[in-house]
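Please look through this model with me. My notes follow, point by point.

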Amino acid sequence: MPSDRAAVPVAGLRRGYDASLTKWTNLTFYSPLPITGARMRSGEMIQKQVALLLFVLKISLCAENTWDYVIIGAGPSGLQMGYLLEQAHRNYVILERSNTSGSFFLTYPRHDRLISINKRHTGKTNKEFNLRHDWNSLLSGDEMLRFRHFSRQFFPRRKEMNQYLNAYKLRWSLNVKYGAEIVDISRRDGEAARVDDGADGDEDDGGDGGGTFVLTDKDGSLYSAKRLIVATGIWKPNIPPISGLDLAEGYETVSIDPDRYQGKTVLILGHGNAAFEMADSIYGAANSVHVVGRSRVRLSWETHYVGDIRGVNNGLLDSYQLKSLDGVLEGSLNDVQFEKRGQHIYVSLKNITTNDNFALRRDTTMSSGVWDLTSMTTFSIDNGSEYDLPQHVPLDNSLEYTLPQYVPHDYEQRSDLDPSRSLGIRMVNEKFPLIKHDYQLYGIKDIYVIGAASHWLDYRRSSGGFIHGFRYTVRALHRLMEHRYENIPWPSKDYDLINLLPNLVKRINEGSGIYQMFAVLCDIIVFRNNGTQFSYIEEFPVGLLPQFTAITGHPLGRHIVVVLEYGQNYSGPGNDVFKETRATGFAHRAYRSNFLHPVLYYYERPITEEEYRKRPTSWMLPKPQRLHHVVEDFLTDWSRDTAHVLPLRRYLESCVGRSLRNYYHDDCFQMQLLHRRMPVMCGSYLQGGGLKREFSVSSFTVPGVMS
């Protein structure tokens, strides 16, 4: 740069777009002419130059930007994928409609408290193990980006999550473009289609074969992408078809001030965490709170599904069971009808046992949505059960109807995929996009869904709708795309057979991915070289096992699948999870384990698509040649010699057909002389294998020699 040209800093422009590099880079603006005398004194020339540069920059930004990967949404899943693409040096951009990462957490949950636990201390220093109990951190190589450094609360505040996500973005310099609200997604005509490699297990889905996606934001800027990753989450209200529902306030706008409900009777529709979060915040101030939902209340400690009602939100259930005026009702919400007649609001049910209605009179002195209660009656819900509501309620009481629509873990909402509806996206119950086990949309190539919106694959079965779950499914998708588009095999580690037992014991006691995404992600042990070696592959999607080689790039023969499972008949609403026989501690009864525990499936050959589809209903995988349950443990510590390690070793020996016991040097020497085939542990005896036996000279005797 010539010495007579001075750098001109432009306020507010720290990053610019370099069209030649198709990525955001740091730019420094320079004056194209020497700055001297009158120019420097007046500053007019500089201002004109800066204005020209800003104009040119604006024109360049309005041009179409081309990327290999475009991620829509800078929430937790979008940032997690951005981190993985950044580390792999891929050409990507994250488009975020707001001006901050994780903008969802600026509003929700409405009462500020998350239900994802932040266990800051576990008594252990192993980072992988600690992630088993850290439900908020994203995966990265920086220990200071563990969420425990951002909050001391066991149930953190939503503002802390927003701060964490923005710190994560800044730490890794992720390429996020804020203010880019996508309003349209289309596919460019005339592009060559990508040939389906069949790795998604749905070769004949009849969908679009490929091509470049063109995205348009609200300002008219265009973005083209070879691959599109949707990380928008599930945040739009999914309003049930209830007549007169417009007379009530929704969860996203209703007042959360308990004083607003002082001395009132409150009706809340919904049986999710949003409903009970609202109920718990006001039932100390209200006369009574009635929570009505279409199904029975599901408690997370009964179902082992973290999206069901959590203990932090179920205080109302205590009040209900102890008969303190609050109540919980079940019935079809389609039977509820709200109607305004003059100054009165009526609530009626189709299956009512009398001709009476709930007559609700609007209190004109209060804000919209508040009514005086004039009568209540006994009524029955469509399941035939009868509920007695209070017959005599003072006329100065009022009922406020609030609708819980969406907070994390309450699935009365839908995905935000409206801009791409023209592509023919199919939805499940208007909530989740229909995706395959490789997280790709049915019928459309190269569009992937991650985060909470991908939860359809494991809804009510695992944790894929929550940060502590989808951080691992996002990584699994990234590994899949690395092989599919970049020809990089799925990461694996190779070992000699002697390391099989210790590596497996370490993995089942520390691995966080298979722990958090139980029944969905698995580890795979692939035997090589006539069983003398093995490869260990971590966190592979169970549903893609029939396409293992096509997805990973690794051949598959004899192998063991390692998953974590709950007992088949243990979890469920209404089940007695505190019964005396809820757990077993005996290895020979390991198959009756109820709590989360490792299960190993041994196969002589790869399983087929047909075998996977026709597997028994109660089986996670097709019937293996050998099956082993590791007996459950109170602290999920599967390292006890007699209860866990010894039975596991014997199972592995039956699979590989060789002894995996440890031997001392002198034992190996003796077997070297007497046997043709030596145990695995002694196979490397001449290279220093085996264990050194501790002995003293005084205790060592030679036959025939007096000591």
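**Notes on helices, sheet and a loop**

1. Start with helix α14, residues 641-656. Its buried residues are A643, H644, V645, L648, R649, Y651, L652, E653, C655 and V656. Keep in mind that this is a predicted model.

2. What do the buried residues of α14 pack against? They pack against one helix, α10, and against the strands β26, β28, β29 and β30. Right after α14 comes G657. The phi of G657 is positive, near 75°.

3. Now the sheet. It is open and has 6 strands, in the order β25-β27-β26-β28-β29-β30. The pairing is antiparallel. Which strands are at the edges? They are β25 (493-496) and β30 (626-629), and each of them pairs on one side only. Neighbouring strands of the sheet are turned by 20° against each other on average, direction ignored.

4. Look at one end of that strand order. Strand β29, residues 597-603, is joined to β30 by 4 bridges. The two strands run antiparallel. Here L600 stands opposite H628 of β30.

5. Two more helices belong in this picture. Helix α9 (residues 467-486) lies across β26 (521-528) and β27 (533-541). Its direction is at about 120° to β27. Helix α10 (residues 500-510) packs on the sheet and touches β25, β26, β27, β28 (559-565) and β29. The direction of α10 makes about 15° with that of β27.

6. Next, a helix pair. Two packed helices are described by the angle between their axes and the distance between the axes. Helix α3 (residues 76-87) packs with helix α5 (residues 158-171) at an angle of about 15°. Their axes are 11 Å apart. Angles under 35 degrees count as roughly parallel, so α3 is roughly parallel to α5. The crossing of α3 past α5 is left-handed.

7. Which residues make the contact? From α3 come P76, L79, Q80 and Y83. From α5 come L165, Y168 and K169. The residues of this contact divide into 5 nonpolar, 1 polar and 1 charged.

8. Last, a glycine. G141 is found in the loop between α4 (127-130) and α5. Is G141 buried or exposed? Its relative accessible area is 64%. The cut-off for exposed is over 50%, so G141 is exposed. Leaving out residues up to four places away in sequence, G141 touches Y83 and W172. Y83 also takes part in the contact of α3 with α5.

How values were computed: Residues are numbered from 1 along each chain as its sequence is written. This is a predicted model: local features need pLDDT of at least 70, side-chain atom pairs count only at pLDDT 80 or more; totals for chains, interfaces and linings use all residues. Side-chain values use heavy atoms; hydrogens and water are left out. Two strands pair if DSSP finds at least two bridges between them. Axes are lines fitted to C-alpha atoms, for helices over the stretch in contact, and angles run from 0 to 180 degrees between N-to-C directions. Contact means heavy atoms within 4.5 Å. Angles under 35 degrees count as roughly parallel, over 145 as roughly antiparallel, 65 to 115 as roughly perpendicular and the rest as oblique. A crossing is left-handed if the near helix is turned anticlockwise from the far one by less than a right angle, and right-handed if clockwise. Ala, Val, Leu, Ile, Met, Phe, Trp, Tyr, Cys and Pro count as nonpolar, Asp, Glu, Lys and Arg as charged, and the others, Gly among them, as polar. Buried means under 20% relative accessible area, exposed over 50%, partly exposed in between (1.4 Å probe, protein chains only).
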